[in-house]
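Reader: I am new to this structure and would love a close look at one part of it. Please walk me through the strands, and tell me who sits across from whom.

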Amino acid sequence: GADSVVFSTHCHNDLGLATANTLAGITNGARQVEVTINGIGERAGNTSLEEVVMNIHTHPHSYPVEHTINTRLFFSTSRMVEDLSGMAVQANKAIVGRNAFLHESGIHQDGVLKNKQTYEIIRPEDVGVTTGNLALGKHSGRHAFKTKLEDLGYGGPALSDAQFQAAFAKFKDLADSKKAGVTDGDMHALVADVRSTTLAGGSSAPPPETAVKRTSTDLPEDAHEAQAESALRFTLKHLQVFTGLGITPTATVTLHDAVKGIDITDVALANNGPIEATFSAIQRIIGVDIQLLNFNVAATSEGQDTLGKVAVRIARGAQEPEENSLAPGGSVPKFTGLATNVDIITASANAYISAVNRMIGHDESDNRASHKDRKVDI
């Protein structure tokens, strides 16, 4: 009978009712819900995990269930999924959108200042949005940096020691270059950069010979070396771009090939700007035809010296659809790369190289048979 069955809901957001339908299912006996972080999924997306959980969390007496999820990790997890999937979270997204707890209207500001519950049914800190006053700058040390990471949801096992060292090195470089302090948005971007590089198959540290030397006791002498233990196939050694109004953009790129142990330089021209020239030069070096599927650049904070975050998604170009493929048009793997830099052209190059390294790593490690090889006659 039905008493031995676990009923489940699987809703899509085509009419904007995925969360409402899922909660209705819970109210009427469903004890399994299929959800995704940020509501990513086919078409208009699936039910958002954070929205369902925070509804139950905020109205514990309205639903016949309870949860054991650490809601304070929602914001950092949302950012991680956004960066690794390449699917941006809309600014006014409930729970995890960057505007979810901002108040610009005068009457809203007045109400919140008098009583936060006037317009905030959820406390920002309950979902990992920090409201602390710990400002980070070029004089900040490792302890302050680690504390801020913990406040942002990156404490404990969220980052390995090597990733922490890489993030701290990037933080010190950024703090030295920015007049204003390093913002929470900058911190999220730095962590995303480190994670993206790690997933691409290596560390996020520059090669030892190109690392910035420091005398500060905050940065251990072996910080860059610890990060460079696992070398990426390609790393950016040199980038020079020549562009301007009425000038054909030209990019000269030098990559270090860790497999061959050599530096390779090539030049490319482009009709559509310095980014296209840079990507074309990288393609010429690696000798692979690449299709750029998505390119996104965003500022992590305000000001002319803000950190730029670039995300790209690529696939191998000119591929024949795989016979008997389960995916429409052929099963074509896609690879995402992310990088940060105050120079967006440098960030773009590093993001592109990160995606390329991930693609190469996939090609080298994926020994799965094609759908044709796996076909079984019945």
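Author: Let's start with one pair: Thr254 stands opposite Thr265 in β5. Keep in mind that this is a predicted model, where local features need pLDDT of at least 70, side-chain atom pairs count only at pLDDT 80 or more, and totals for chains, interfaces and linings use all residues. Residues are numbered from 1 along each chain as its sequence is written, and side-chain values use heavy atoms, with hydrogens and water left out.

The names follow a simple rule: helices (H or I, at least four residues) and strands (E, at least two) are DSSP runs, numbered from the N terminus. Two strands pair if DSSP finds at least two bridges between them.

Back to our threonines. β4 and β5 (residues 262-269) are antiparallel partners, with 8 bridges. The hairpin they make has 4 residues between the strands, and Gly261 there takes a positive phi near 70°.

Now look at the other neighbour of this story, β3. Strand β3 (residues 234-244) pairs with β4 (residues 247-257) in the antiparallel sense, over 9 bridges. Phe242 has Thr250 in β4 as its bridge partner. β3 and β4 also form a hairpin, this one with 2 residues between them, and Gly246 in its turn has a positive phi of about 80°. A general point helps when you rotate the view: in a regular strand, side chains alternate between the two faces of the sheet.

Further along the chain is another group of strands. Here 3 strands form an open, antiparallel sheet in the order β6-β7-β8. Its edges are β6 (290-299) and β8 (335-341), each of which pairs on one side only. From one strand to the next, the twist averages 15°. Between β6 and β7 (residues 308-316), which run antiparallel, there are 9 bridges, and Ile290 has Arg316 in β7 as its bridge partner.

Helices join the picture too. Helix α3 (residues 74-85) packs on the sheet and touches β7 and β8, with its direction at about 115° to that of β8. Touching, or contact, means heavy atoms within 4.5 Å. As for angles, they run from 0 to 180 degrees between N-to-C directions, and axes are lines fitted to C-alpha atoms, for helices over the stretch in contact. Helix α9 (residues 274-286) lies across β6 and β7, running at about 135° to β6.
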